[in-house]
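Let's take a walk through a protein chain together. Keep the picture beside you and look for each part as we come to it.

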Amino acid sequence: MPSPLSLPPEPAPIALKDPLPKTRILIAEDDAVSRELICARLAKWGYDVVATDNGADAMNALRKTDAPRLAILDWMMPGMDGLEICRRVRDVDRALYIIMLTARGTKENLIEGLGAGADDYLIKPFDKDELQARILVGLRVMALQATLAERVKELEWASAEIRQLRLQIPL
């Protein structure tokens, strides 16, 4: 007989026909060991990881229609460095949360990275829990940005509707 203080058993999970897609995160890291460790950690946390080993491939991944909305970029990579990726993404005003992950740990480096367009800056070696917290912050910011963009569209539509109604009302 169950204790009067025990909770009822959890109901069986409902199987969804189309489960929600996993959040995609781009990892651009030229060091194979670091890249594999980060990818394994993100996969363990449930993310869909897109991994590249150079800046040019990272830019190509970000140009796709199904591009990740969060990127973790190494500063120094062959082809194109993380700073250049930041600048190019910001030049086209694309909604992307960028975490710069680098061994460059001076205050000047941090200022340069953020100035180039990174949203966050994490110094190697990093703590996995700190990385996870920063990813969650980035995803929260991106969700708020998407909500805001949707509200702006709704307001623009309502404003256009009001202008149209004004034209129809005789004064």
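Helices and strands here are DSSP runs, with at least four residues for a helix and at least two for a strand, and they are numbered from the N terminus. With that in hand, you can read the chain from its N terminus as β-α-β-α-β-α-β-α-β-α. That comes to five helices and five strands. Please remember that you are looking at a predicted model. The chain has 171 residues, and buried residues make up 31% of them.

Now find the largest pocket, which has a volume of about 180 Å³. Which residues line it? They are E29, S34, L37, I38, R41, L101, K124, P125, F126 and K128. Helix 1, residues 32-44, gives the most to this lining, with four residues. By character, the lining divides into five nonpolar residues, one polar and four charged.

One of those lining residues, K124, leads us to the salt bridges. The structure holds ten of them, and in one the side chains of K124 and D74 meet at 3.4 Å, N to O. This pair links distant parts of the chain: K124 sits in the loop between strand 5 and helix 5, while D74 belongs to strand 3, 50 residues away. Are the two partners buried or partly exposed? Buried means under 20% relative accessible area, so D74 counts as buried at 7%, whereas K124, at 22%, is partly exposed.

Other salt bridges stay within one helix. In helix 3 (residues 82-91), E84 and R88 lie four residues apart, about one turn of the helix, and their closest N and O atoms are 3.0 Å apart. Both are partly exposed, E84 with a relative accessible area of 28% and R88 with 35%. Helix 5 has a pair with that spacing too: E130 and R134 are four residues apart, and so about one helical turn separates them. Their closest N and O atoms are 2.5 Å apart. Elsewhere, salt bridges that share partners join R24, D48 and D66 into one network.

Finally, turn to helix 4, residues 107-116, where you will find L114. L114 is partly exposed, at 37%, and together with L110 and I111 it forms a nonpolar patch on the surface, with about 240 Å² of accessible area. G113 also lies in helix 4, but G113 is buried, with a relative accessible area of 0%. From G113 we can step back to E84: the two are 29 residues apart in sequence and 9.9 Å apart in space, C-alpha to C-alpha.

Technical notes:
Residues are numbered from 1 along each chain as its sequence is written. This is a predicted model: local features need pLDDT of at least 70, side-chain atom pairs count only at pLDDT 80 or more; totals for chains, interfaces and linings use all residues. Side-chain values use heavy atoms; hydrogens and water are left out. Patches are made of residues with over 30% relative accessible area and no salt bridge: like charges are joined within 9 Å, nonpolar side chains (Val, Leu, Ile, Met, Phe, Trp, Tyr) within 5 Å. Accessible areas come from the Shrake-Rupley method with a 1.4 Å probe; for residues, only the protein chains shown count as cover. A salt bridge is a side-chain nitrogen of Lys or Arg within 4 Å of a carboxyl oxygen of Asp or Glu. Buried means under 20% relative accessible area, exposed over 50%, partly exposed in between (1.4 Å probe, protein chains only). On a 1 Å grid over the protein atoms alone, a cavity is a set of points where a 1.4 Å probe fits but cannot get out, and a pocket is an open set with protein on both sides within 12 Å along at least five of seven lines; lining residues have an atom within 4 Å of a point. Grid points are joined across faces, edges and corners, and a volume is the space filled by probe spheres set on the points. Ala, Val, Leu, Ile, Met, Phe, Trp, Tyr, Cys and Pro count as nonpolar, Asp, Glu, Lys and Arg as charged, and the others, Gly among them, as polar.
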